[in-house]
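The questions below ask how certain descriptions of a structure are reached. Each answer sets a value against the definition it depends on.

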Amino acid sequence: MAYKWSTKEQMTDLLCNLVSIPSITGSEAEIAFPRYVVEQLQSLPYFQQHPEHLHAHPTGDGRYFVTALVKNKPETKDTIVLVSHFDVVDVEDYGNWKEFAFAPKKLSEMFRANKADMPADVQEDLETGDWLFGRGTMDMKCGLALHMSLIEEACDGGFDGNLLLLTVPDEEVNSVGMKAAVPLLLEWAEKFDLNYKTVLNSEPMFTRYPGDRNAYIYNGSIGKVMPGFLCYGKETHVGEPLAGLNGNFMSSHITTMMELNTAFCERVENEVTPPPTNQILKSLKKDYSVQIPHRSVTLFNLFLYEWTMEEIVTGMRRLATMAAEQIKESYAANAERYAQLDSFTPTDINVNVFTYDELLKYAYETYGEEHVDRIRQDVLNNAGKQDERDVSINLVDELAILCKELSPMIVLFFAPPYYPAVCSRRNPLISSVVSDMIAYANEQHGVELKKQNYFGGISDLSYVGLQHPASTLTPLTTNMPLWNRGYSVPLEALERFDVPVLNLGPVGRDAHKWTERLDTDFAFVKLPDMLRVCIRKLFTEQASVSSII
């Protein structure tokens, strides 16, 4: 069999063809992209003989994910899932280079011709390595190209087990593709008699700190939640600010306390989650007037490893309670100082703290479920193409307005997306293969791989099983206004799809930047061999491992 995607040059050309389709998340090209992948795989004799093993599946929102199963022997059950995503972030950051962002060879030539104008680290790579520039070269169409090459080899009987390629849209936003794929994978396990041994991702290696040049192999992926705090103060005229309470003032206290707060950093072995950082901070006042902005919101990115949702909600509530006390003390101190300047009698304020679930229950008891649900449905009906974060904020805001007698108040809630943390560090199969691959990479390729428990770039591996029972996620689901109202995670399917995970991918730099680039020598010379060996070890190791049949 003459291979199409076996040499460095062939895989580079395939990657450039994949990158040339500008599959930005939410674009028409993202919808069209699966057609190209299917057409390419259909050219392989195996899929011409087994067309039922190759499909583009709808995600339910107009997009598609692709599955391609190679099963050469009917009696073979053991299967490795090769997962990748084909959506990319936008290219506004490319500036004058924007029109070439999806033309890797042309862009790379232009960067070399303008080397003196490039950042210092880019100049260094241009001088010392074989780097390919362009959006999606490293994140993560290289991974898809590698997987297509492995599928081609599997078609020719290259492995003693089944390979199932899965490539999905929307990883960069809400992981719609992966969430839609998990129930299908469970279905295919029964339909084709498959036993899933591992889900193998090939996301690029991510640096842990600026200038990091280490190479990594990952046996898990970091988790993420987005806690929000809606602050409802007390309205007043700007000429009488001490007669009210400014919502922006309230949010500023929470933001100062939460931003980069290492109390919310979680440690597992020698790895620590990055501290929380603010994603949205804004007033909810729609138009200018001389009324103070008494409603505002602040929303954060919070990474996690093994903490339960109960622990997270407890920590967030504790911070909100401390912020409420600080707001009260700061207001009182300023009011007292102003009273020394003018004839003014300070009044006491108290700031209540609620979770969204508590506020909703109060609203139901006070105003009736029918009335409250009508308000919530009106928000959803008028959402249009609003961002899911904004819709979540609007749902909390309307509920707070309804229950304004409880103000001043801080309402804790969660916005999408939710990425469960996943880790196979205690799985004997993964532990054994990781150790073997570290030794093999060093001996055969001079590559010093370092084991990481959690891939830090956030990935679709989050939707491979659950570290904690679905029942423990109630503190999240009951406090996420959009849960089952436009956003959800297939928790029951994830509990059933409990498969070990591994990530071994290419070396790249500057994901989501205009200098995004891929080390093609590593990606298409060393890594293909390492992936082949890794897959063969996963098939042949006899360590006990959880599986799906």
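**Contacts, bridges and crossings**

Q: Which residues is threonine 25 in contact with, leaving aside its neighbours within four places in sequence?
A: In this predicted model, threonine 25 is in contact with Glu30, Arg63, Asp87, Val88, Asp170, Glu172 and Val173. Threonine 25 itself is found in the loop between α1 and α2 (28-42).

Q: How far apart are threonine 25 and aspartate 87 in sequence and in space?
A: The two are separated by 62 residues in sequence, while their C-alpha atoms are 5.2 Å apart.

Q: What makes the pair of lysine 8 and aspartate 130 a salt bridge?
A: Their side chains meet with an N to O distance of 2.5 Å. A salt bridge requires a side-chain nitrogen of Lys or Arg within 4 Å of a carboxyl oxygen of Asp or Glu, so the pair qualifies. Lysine 8 belongs to helix α1 (residues 8-19) and aspartate 130 to the loop between α5 (120-128) and β4 (131-133), so the bridge ties together parts 122 residues apart in sequence. In the whole structure, a search finds 30 salt bridges.

Q: Why are α6 and α16 called oblique to each other?
A: Helix α6 (residues 137-155) and helix α16 (residues 520-540) pack at an angle of about 55°, with their axes 11 Å apart. Angles under 35 degrees count as roughly parallel and those of 65 to 115 as roughly perpendicular; the angle of about 55° falls in neither range, and the helices are therefore oblique. The crossing of α6 past α16 is right-handed.

Q: What residues make the contact of α6 with α16, by class?
A: Nine are nonpolar, none polar and three charged. Among them are Cys142, Leu146 and Glu153 of α6 and Phe524, Arg532 and Arg536 of α16.

Q: At what angle do α11 and α12 pack?
A: Helix α11 (residues 369-381) and helix α12 (residues 388-402) pack at about 145°, and their axes are 9 Å apart. Here too the crossing is right-handed. The contact includes His371, Ile375 and Arg376 of α11 as well as Asn394, Glu398 and Leu402 of α12. By class it has eight nonpolar, two polar and two charged residues.

Q: Where does pLDDT stay under 50?
A: It does so over residues 543-549, for which the model has 27 contacts beyond four places in sequence. Predicted coordinates should not be read in detail where pLDDT is low. For the protein, the mean pLDDT is 95, and 98% of its residues reach 70 or more.

Definitions and conventions
Residues numbered from 1 in each chain as written. Predicted model: local features only at pLDDT ≥ 70, side-chain atom pairs only at ≥ 80, totals over all residues. Heavy atoms only, no water. Axes fitted to C-alpha atoms, helices over the stretch in contact; angles between N-to-C directions. Helix = DSSP H or I, 4+ residues; strand = E, 2+ residues; numbered from the N terminus. Parallel < 35°, antiparallel > 145°, perpendicular 65-115°, else oblique. Left-handed = near helix turned anticlockwise from the far one by under 90°. Contact = heavy atoms within 4.5 Å. Nonpolar A, V, L, I, M, F, W, Y, C, P; charged D, E, K, R; others polar. pLDDT = per-residue confidence, 0-100.
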